[in-house]
Amino acid sequence: MSVWNYVVTAHKPTNVTHSCVGNLTSPHELNLIIAKCTRIEIHLLTPQGLQPMLDVPIYGRISTLELFRPHGEAQDFLFIATERYKFCVLQWDAETSELVTRAMGDVSDRIGRPTDNGQIGIIDPDCRLIGLHLYDGLFKVIPFDNKGQLKEAFNIRLEELQVLDIKFLYGCSKPTIVVLYQDNRDARHVKTYEVVLKDKDFAEGPWSQNNVDNGADLLIPVPPPLCGVLIIGEETIVYCSANAFKAIPIRPSITKAYGRVDADGSRYLLGDHAGLLHLLVITHEKEKVTGLKIELLGETSIASTISYLDNAFVFIGSSYGDSQLIKLNLQPDSKGSYVEVLERYVNLGPIVDFCVVDLERQGQGQVVTCSGAYKDGSLRIVRNGIGINEQASVELQGIKGMWSLRSSVDDPYDTFLVVSFISETRILAMNLEDELEETEIEGFCSQVQTLFCHDAVHNQLVQVTSSSVRLVSALTRELRNEWFAPSGYAINVATANATQVLLATGGGNLVYLEIGDGVLKEVKHAQLEYEISCLDINPIGDNPLYSHLAAVGMWTDISIRIFSLPDLNLVTKQNLGGEIIPRSVLLCAFEGIYYLLCALGDGHLLNFLLNMSTDRPTVIYSSNKKLLYSNVNLKEVSHMCQFNSAAFPDSLAIAKEGELTIGTIDDIQKLHIRSIPLGEQARRICHQEQSRTFAVCCLKYSQSNAEETEMHYIRLLDDQTFEFMSTYPLDTFEYGCSILSCSFSDDSNVYYCVGTAYVLADENEPTKGRILVFLVEDGKLQLIAEKETKGAVYSLNAFNGKLLAAINQKIQLYKWMLRDETSRELQSECGHHGHILALYVQTRGDFIVVGDLMKSISLLIYKHEEGAIEERARDYNANWMSAVEILDDDTYLGAENNFNLFTVRKNSEGATDEERGRLEAVGEYHLGEFVNRFRHGSLVMRLPDSDVGQIPTIIFGTVNGVIGVIASLPHDQYVFLEKLQSNLRKVIKGVGGLSHDQWRSFNNEKKMVDARNFLDGDLIESFLDLTRGKMDEISRTMGVTVEELCKRVEELTRLH
């Protein structure tokens, strides 16, 4: 049964919708606050750049984010309003580093038509009131009292019904709004009103301006001393106030975002729909405005928000591409641009389509998304693990070991890299040109294989070979002392730190030496009953140079033992069971907790807590005092060591098949994102295993003398290099709507099928489209067949060796027939009418699930005998669908345009035809995200031994760049987690007092019902971030130990 579902975010929203700058966290700190639709991030501006201070979820979709400072306060407060008409005022608490709620409330009205142009929230510059435009014809006022507390809200009727923008004017004795609106003849005007708080009404404002630019869409209020307002149009910019009017023409563009540069408002940054950044200057003599000037600075991502930080640093928030931190230079670069991009912040949004593939063939899915829009379009390859950024590499065969050494104790960086081979040892060092070149350490024995090397105290180096331990001066590089293995014995395993050497000679002999100034002293010898497979004396504890413990891995009895140093007494012994020997042991500390890690020969990694490497590398890190493991994006690795040199700080030296690489490890995070910028928008993507290619439907916008044209293409990309291999241009006005890789009955080839539509301005719905069938031959797209259709081909599915297409309101089945000896064509077999627009189709066996534009989900069946498609059942609710997927034979999942998810179930047991013909809604949930696509698949390696290995998962992608996972849980696990979720709701309070159960309740124009049969994985997994005290509290009410709760929740985190 796939009725009980767990919804969790694998990749948080990255679409930046709002940003503002002010002194939130302290009077002297400058903060950048960013909203990503359902999350808020607070950053601190430091000389090193932006430093994150807080990242929290908001139980709502943010519609307004504004900083303001009530009278008598030393720092700013944050005002947030959400799309579901909740608002809150937040204040920073420096002691807990959290946002505390100063005020909250609900500003919804029982009646009223929500505005078409989105909600507007504004704050009077003198903090007398907050104004909200939420419903047509109403302006809602929340007044402040003289202590800065909010009083009861009220509405004022607003005559202008089609409002485009509202702002507060500066420098007015009474609070005054300026309204940009469109009349019923489509002309645009600007009007001002005074808000009279005691009468709860408007009074006539100081001025108005009729017939502004027809494309005017944005008002910018100018602060004192100039005051007034800028009206930004598509072809003109106007400055307007009670006593001045100045206008300048501009190159036609749609301004999306603005940022004020100076406190006095004389300069503004404007960002347009093409990603061009302009500087607008108001020229003035004292307080008299004399004119406007505009200058192009350069290109950025397409901005949704612009925040000027300080000293020419600017944050560009984007919904269509990566957000950026830029610097505005005084002098242009060689291309004439004043813009220098300092940082990029990855944004996957909008994810219009994606596919799940296993490109590395390692049993781990990767998601390839169609991300971004317009010029910022890209493909993104998203996979779980940790990336290694290669800094340098050299071909070297047969590496048997590697160690880094310093030239002196106080040298901050490593100088030497010792590389050992089967019959020699070579030493590489960084030269002055920051290149690795071969060098000599005279005291080292270079004609034999090195078993271990380490820096030692007193500027010495230690080299262990099979015959001896050599102590060498790091300064003169000469041999100072040597300890020889007893005759008839060879050293086969060794380890060392700065003051100690531990080694094993054959026959279970364990020898412990200590290092002095020019001295190697044998301190202790122990005889063990079996051979030793690995050793470690990495110092953990207070003294970084000396270890009190030695870890020893054993052959034969397959155990790990811990001995005390210097006396080699056995402290503890751990039998590992099984027959696989320990290959490598390590004593280490994470977050102040001591661990013993042990890697076995078959790739298993064990960790043990102490009281007081494999072929598929993993990085181990600790988060909230629990060990988590991440795959590293590398193939086979045989040896590695740290190599922290001046040219390659904090790097690793890595030996792979035939090469030595130096690279840095990414900041620890779970999902890795590789970007393939396209410079055009990818709308559909599909992978073909046989040809190792992706096919993508793209559209390219080009600007030619004021006319914007779009061209659509089908592009073929190599699935390893992501380079374009071949392009098939579509006709003028022809859009690629769907794409599929499939094969047909009686034909061994695998084809790409593309569904298109001719989109003409004078048609409400396309009346014509095509189905194109391509074969990949010699890396090129060859058109094999085409079929004209009477509408847009919204969806294509492989269906029992045939092709199922959704064309406008009908479902059509085509078979692949021989036309003559050599060529084939698509022939229509049967169809099914009765949809408004069949946009999304999924199939399983003979069943067809259709997601309709507005008539929710219906279930069809193909009958082989009659060769016909019939409706079996439907959901009679009106849902405007955005995606569908089949969870199992009887349960179907849908997403709709009010950001909800729901599941419906086929009732095959129903007593009457009417009951059997109804898909009943069994699950409902408010996701708060617009889902564009569901796909079966997983982002993680499914470890069969874990509880979650057997749980089926679906991945979804959204407009905000979220990648999420929906997992269908067994009922008992669902019941347990539902109880945990309701306990967490009591302990974890939403920011701004927003309620979690209200946020997750299914909500559309018709109804609001509590979420059911869906769990919020993000809330459940936040259990792991709670303080121990809160965990204990939940553990008591659940009657389950904290350890058991942690274990069960951690298992869930492995779903993504």
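Reader: Is K375 buried, partly exposed or exposed, and what is its relative accessible area?

Author: In this predicted model, the side chain of K375 forms a salt bridge with E299, and the closest N and O atoms are 3.0 Å apart. Buried would require under 20% relative accessible area and exposed over 50%, so K375 counts as partly exposed, with a relative accessible area of 25%.

Reader: Where in the chain do K375 and E299 lie, and how many residues apart are they?

Author: The salt bridge between K375 and E299 links distant parts of the chain, with K375 in the loop between β31 and β32 and E299 in strand β25. E299 is partly exposed, with a relative accessible area of 45%. Along the chain, K375 and E299 are 76 residues apart.

Reader: Which residue forms a salt bridge with D322?

Author: D322 counts as buried, because its relative accessibility is 7% and the cut-off for buried is under 20%. D322 lies in the loop between β27 and β28, and its partner, 22 residues apart from it, is in strand β29. The two side chains meet at 3.5 Å, N to O, and the partner of D322 is R344.

Reader: In the salt bridge of K700 and E680, which residue is buried?

Author: The side chains of K700 and E680 meet at 3.7 Å, N to O, with K700 in strand β60 and E680 in the loop between β58 and β59. K700 has a relative accessible area of 32%, and is therefore partly exposed. The other partner has a relative accessible area of 2%, so the buried residue is E680.

Reader: Which residues do salt bridges with shared partners join into one network?

Author: A search of the whole structure finds 52 salt bridges. Some of these share partners, and through such sharing one network joins E529, D557, R561 and K573.

Reader: How many of the residues of strand β65 are buried, and which strands pair with β65?

Author: Strand β65 covers residues 769-777 and is largely enclosed by the rest of the structure, because eight of its nine residues are buried. On one pairing, antiparallel and over four bridges, V754 stands opposite L772, while the other antiparallel pairing has nine bridges and places V776 opposite L781. The partners of β65 are strand β64 and strand β66.

Reader: Which residue in the turn between β65 and β66 has a positive phi?

Author: Strands β65 and β66 form a hairpin, with two residues between them. One residue in that turn has a positive phi of about 50°, and this residue is D778.

Reader: What is the order of the strands in the open sheet that holds β7 and β8?

Author: The edge strands of this sheet are β6 and β9, each of which pairs on one side only. Four bridges join β7 to β8, which run antiparallel, and F79 stands opposite V89 in β8. Neighbouring strands are turned by 20° against each other on average, direction ignored, and the order is β6-β7-β8-β9.

Reader: Are the rings of Y85 and Y135 stacked or edge-to-face?

Author: Y85 lies in the loop between β7 and β8 and Y135 in the loop between β11 and β12, 50 residues apart, and both are buried. Their ring centres are 5.1 Å apart. The planes make an angle of 20°, and planes under 30 degrees apart count as stacked, so the pair is stacked.

Note on methods:
Residues are numbered from 1 along each chain as its sequence is written. This is a predicted model: local features need pLDDT of at least 70, side-chain atom pairs count only at pLDDT 80 or more; totals for chains, interfaces and linings use all residues. Side-chain values use heavy atoms; hydrogens and water are left out. Two strands pair if DSSP finds at least two bridges between them. Axes are lines fitted to C-alpha atoms, for helices over the stretch in contact, and angles run from 0 to 180 degrees between N-to-C directions. Buried means under 20% relative accessible area, exposed over 50%, partly exposed in between (1.4 Å probe, protein chains only). Rings of Phe, Tyr and Trp (its six-membered ring) pair if their centres lie within 6.5 Å; planes under 30 degrees apart count as stacked, over 60 as edge-to-face and the rest as tilted. A salt bridge is a side-chain nitrogen of Lys or Arg within 4 Å of a carboxyl oxygen of Asp or Glu.
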